[in-house]
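User: I am new to this structure and would like a close look at a single part. Please pick one pairing of side chains, then work outwards from there.

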Amino acid sequence: MIILPISLTIAAGAALLNLWLAIRVGRVRTKEKILIGDGGSELVTRRMRAHSNFVENTAFVLILLALVELGLGSSMWLWGVGALYLVGRILHAVGMDGMMWGRMAGTIITMLTQLGLALGALAIVYLTPTQITTTEIEETMVVTPK
């Protein structure tokens with residue numbers, strides 16, 4: 001059995017963050033009595049976009065994180081990348097409520113995380129030395145006794 005502790009931990013954190021974002025949308029919907037859509041409310045729109053943006057980006061990050069961990073093994077820098085991504089997504093969500101520097105910081109962290117993981121994945125594939133082995137097959141003849 002293969003266990004990827006970094007990927008599993010960050011995925012669990014992402015799931016909890018997803019729930020937090022959904023609850024934030026639900027609270028504003030309840031407060032403003034909006035059941036479907038954004039009802040013209042800027043705050044509902046902002047919260048919905050923060051949640052949607054999280055969902056749009058997180059799948060790529062988690063897939064890349066797991067595959068890089070599978071290719072390289074666990075490492076401190078990979079823990080840092082995963083944790084930084086989650087912090088970036090929290091900053092982005094809070095920034096969508098008006099703290100604009102948080103939105104900008106969260107967006108930059110998200111983009112750099114994806115770029116770094118994508119480049120790391122490509123490096124694993126194209127810079128890791130591979131060994132080509134060949135097997136020679138010889139024909140054998142079975143002789144049966146008379």
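Analyst: Take aspartate 97 and arginine 24. They form a salt bridge, and their closest N and O atoms are 3.0 Å apart. The term has a cut-off: a side-chain nitrogen of Lys or Arg lies within 4 Å of a carboxyl oxygen of Asp or Glu. Side chains of opposite charge can pair when their charged atoms come close.

A word on the source. This is a predicted model: local features need pLDDT of at least 70, side-chain atom pairs count only at pLDDT 80 or more, and totals for chains, interfaces and linings use all residues. Residues are numbered from 1 along each chain as its sequence is written, and side-chain values use heavy atoms, with hydrogens and water left out.

Now place the two partners. Aspartate 97 sits in the loop between α3 (76–96) and α4, while arginine 24 belongs to helix α1 (residues 5–32), so the pair ties together parts 73 residues apart in sequence. Helices are DSSP runs (H or I, at least four residues), numbered from the N terminus. How accessible are the partners? Aspartate 97 is partly exposed, at 32% relative accessibility. Arginine 24 is buried, with a relative accessible area of 10%. The cut-offs are under 20% for buried, over 50% for exposed, and in between for partly exposed (1.4 Å probe, protein chains only).

The structure holds four salt bridges. One of them joins glutamate 42 and arginine 46, at 2.8 Å from N to O. These two residues are four apart in helix α2, so about one helical turn separates them. Glutamate 42 is exposed at 53% relative accessibility. Arginine 46 is partly exposed at 25%. Arginine 49 and glutamate 56 also meet in a salt bridge, with 3.3 Å between N and O. Arginine 49 is partly exposed at 36%, and glutamate 56 is partly exposed at 42%. The opening pair also has company: salt bridges with shared partners join Arg24, Arg47 and Asp97 into one network.

Step back from aspartate 97 to α3. This helix has 21 residues and reaches 30 Å from its first C-alpha to its last. That is close to the 30 Å expected at 1.5 Å a residue, where the expected span is 1.5 Å times one less than the number of residues. Its buried residues include Leu78, Val81, Tyr85, Arg89, His92 and Met96. Where do the buried residues of α3 pack? They pack against α1, α2 and α4. Just after α3, glycine 98 takes a positive phi of about 130 degrees.

Asparagine 53 links this view to α2, the helix it lies in. Apart from residues up to four places away in sequence, asparagine 53 touches Arg89 and His92; contact means heavy atoms within 4.5 Å. Asparagine 53 is buried at 19% relative accessibility. Leucine 122 is 69 residues from asparagine 53 in sequence, and their C-alpha atoms are 25 Å apart.

Histidine 51 is in α2 too. It is buried, with a relative accessible area of 18%. Leaving aside neighbours within four places in sequence, histidine 51 is in contact with Asn18, Leu21, Ala22 and Val25. Further along, α2 holds leucine 70. Leucine 70 is partly exposed, with a relative accessible area of 48%. Beyond residues up to four places away in sequence, leucine 70 touches Ile2 and Leu4. The C-alpha atoms of leucine 70 and serine 7 are 9.3 Å apart, with the two positions 63 residues apart along the chain.

Last, see how α2 meets α4. Helix α2 (residues 42–72) and helix α4 (residues 100–127) pack at about 35 degrees, with their axes 9 Å apart. Axes are lines fitted to C-alpha atoms, for helices over the stretch in contact, and angles run from 0 to 180 degrees between N-to-C directions. The crossing is left-handed: the near helix is turned anticlockwise from the far one by less than a right angle. On the α2 side, the contact residues include Asn57, Phe60, Leu64 and Val68. On the α4 side, they include Thr110, Gln114, Leu117 and Ile124. Which kinds of residue make up the contact of α2 with α4? They divide into 10 nonpolar, six polar and no charged. Here Ala, Val, Leu, Ile, Met, Phe, Trp, Tyr, Cys and Pro count as nonpolar, Asp, Glu, Lys and Arg as charged, and the others, Gly among them, as polar.
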